[in-house]
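Here are a few notes to read alongside the model. Keep the 3D view open and turn it as you go.

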Number of protein chains: 2
Amino acid sequence: MIRRLTIVGVGLLGGSVAKAARARGIATEIVGVGRDPARLEAARRDGALDRVTTDLAAGVRDADVVVLAAPVLTILSLLEAVARVGGPETVVTDVGSTKAAIVAAASRLAGVFPLRFVGSHPMAGSEQSGYAHARVDLFNGATVIVTPTDASDATAVKTVTALWEAIGAGRVVTLAPDTHDRAVAAISHLPHLAAFALVDAVERFEPSAFDVAARGFRDTTRIAAADPTMWEEIFLANRQALAAGLEVFRQALDDLARLIAAGDGDALRASIARIKARREALR
Amino acid sequence: MIRRLTIVGVGLLGGSVAKAARARGIATEIVGVGRDPARLEAARRDGALDRVTTDLAAGVRDADVVVLAAPVLTILSLLEAVARVGGPETVVTDVGSTKAAIVAAASRLAGVFPLRFVGSHPMAGSEQSGYAHARVDLFNGATVIVTPTDASDATAVKTVTALWEAIGAGRVVTLAPDTHDRAVAAISHLPHLAAFALVDAVERFEPSAFDVAARGFRDTTRIAAADPTMWEEIFLANRQALAAGLEVFRQALDDLARLIAAGDGDALRASIARIKARREALR
């Protein structure tokens, strides 16, 4: 049970944390911090927040748990202010899509301030953004990755893990920040990059094809309707792991293309069968 | 109203044509032709077929409309036998995923036999295959591409168009065979190739990432669970258009990767916003 839960950034993810925490009664008071008073007020009237403020220090002061629910670069820019105002018992986590830079920045600050930070990344969300799309069940059954380091406070790790479980997560997985960034480059950032490039390629190659696109194309490129500012930030924040993953993707494409160009049906079928088996194991 | 409708290949697509034709009462007799008597018999008992045979000539003889519902290379291998046994009034179509090679072969045969062929490609289906997955509503609302040439018999074009509309198609679009092949390379074959390569890249780059894959990855790579034999054939049959589309895809990927590597957030965001707008126009 959390006395005061402060959510910084009441959009899709922050709003869903607030709604789920409210519905499951895990916090006595839920405070929302944001830049737009009208949007914050809408979330408060909605019942998800008890109190709202545009003053970060006022929102974070005396909080037991702070969730930074903003894009990665914004989280990086907020961390020091949060560290300065948070009390020694305040546990801080985030929902940023990359973890190495955020965790490194938090570790540096923890040497100066009494910051108890544990990075999180809930593997939930959608191509939509904003509080209007927040859902009480967004995290139901979802996998949440937490990225403590050797220096992380054990109680803070427990608190953050318990928070995600309490608001519906099906599974909380622990990964090192670097491994997290490689993993999300592979299964999230690279697929988004490929989806953007696919839509762009159709536009350049045969735009009339959009007119006959079937369900497969819509599914494969659904994520290309994601928020440009969010994805600009994610791609830049994780550019190193993404570049490494992209290189491997290009090799995988080239290997298939070579078999097709050579007309090597047997090897092509064997490759596809191996990949299909891997994909089916995911279900 | 068709007197005798013969379906060669009673799998996902052929089976769905049979079920929809039966449910909508558009054929007096529906005949199924295949290689496996047990599987044909199962479809007959299911009520979708009136008569089944493993003898192509027996099935096609006296048919009003023949639907070749097999993979592309099989359709190519069947065309001459169908042309030899079909009557002068028999209208033949197919469901093959590429059209230029099939239409060219049919045009050559039409110079020798009284073959009235019009190519079709229903943009429906799934990563599943086989009669067990056939659905009476598979074509409901679907786009079907038909690919007549200047030499095509006008009545045959009308019959084939009417058949698809009668079994539920939301829209029948006419494309030249070459344009069709470029269009499906862009919105079907290339996305499949990318999905296969994405799954393969995760396996090579960071296999532990499969464990935390969220909905986005599952959607983007759902089509990577497609049938290996079918996709071997499609990729090989359409290799020329696919190679051209792949080259454009590589350029689109490189353009985004260059902006990411350069840290050019403004241009990256502008590119993503342009692509997102294109994708959203698809809904």
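**How the two chains fit together**

1. Start with the symmetry: a turn of 180° with a shift of 0.0 Å along the axis lays chain A on chain B with an RMSD of 0.0 Å (superposed by least squares on the C-alpha atoms of residues with pLDDT of at least 70 in both). That's how a two-fold axis relates its copies. The residue of chain A that comes closest to the rotation axis is Thr220(A), its C-alpha at 2.0 Å.

2. A word on the source: this is a predicted model, where local features need pLDDT of at least 70, side-chain atom pairs count only at pLDDT 80 or more, and totals for chains, interfaces and linings use all residues. Residues are numbered from 1 along each chain as its sequence is written, while chains are lettered from A and ligands numbered from 1 in the order in which they are written.

3. Now the interface: 74 residues of chain A are in contact with 74 of chain B (contact: C-beta atoms, placed from the backbone, within 7 Å). The copies meet through the same surface, because 100% of the interface residues of chain A are also interface residues in chain B.

4. Which element gives the most to the side of chain A that touches chain B? It's H7(A), with 20 residues (helices are DSSP runs of H or I, at least four residues; strands are E, at least two; both numbered from the N terminus).

5. Chain A itself is assigned domain 1 (2-175) and domain 2 (179-280), with bounds from an automatic or database domain assignment. Their C-alpha centres lie 31 Å apart. Domain 1 of chain A brings 14 residues to the contact and domain 2 of chain A brings 16.

Technical notes: Two residues are in contact if their C-beta atoms, placed from the backbone, lie within 7 Å.
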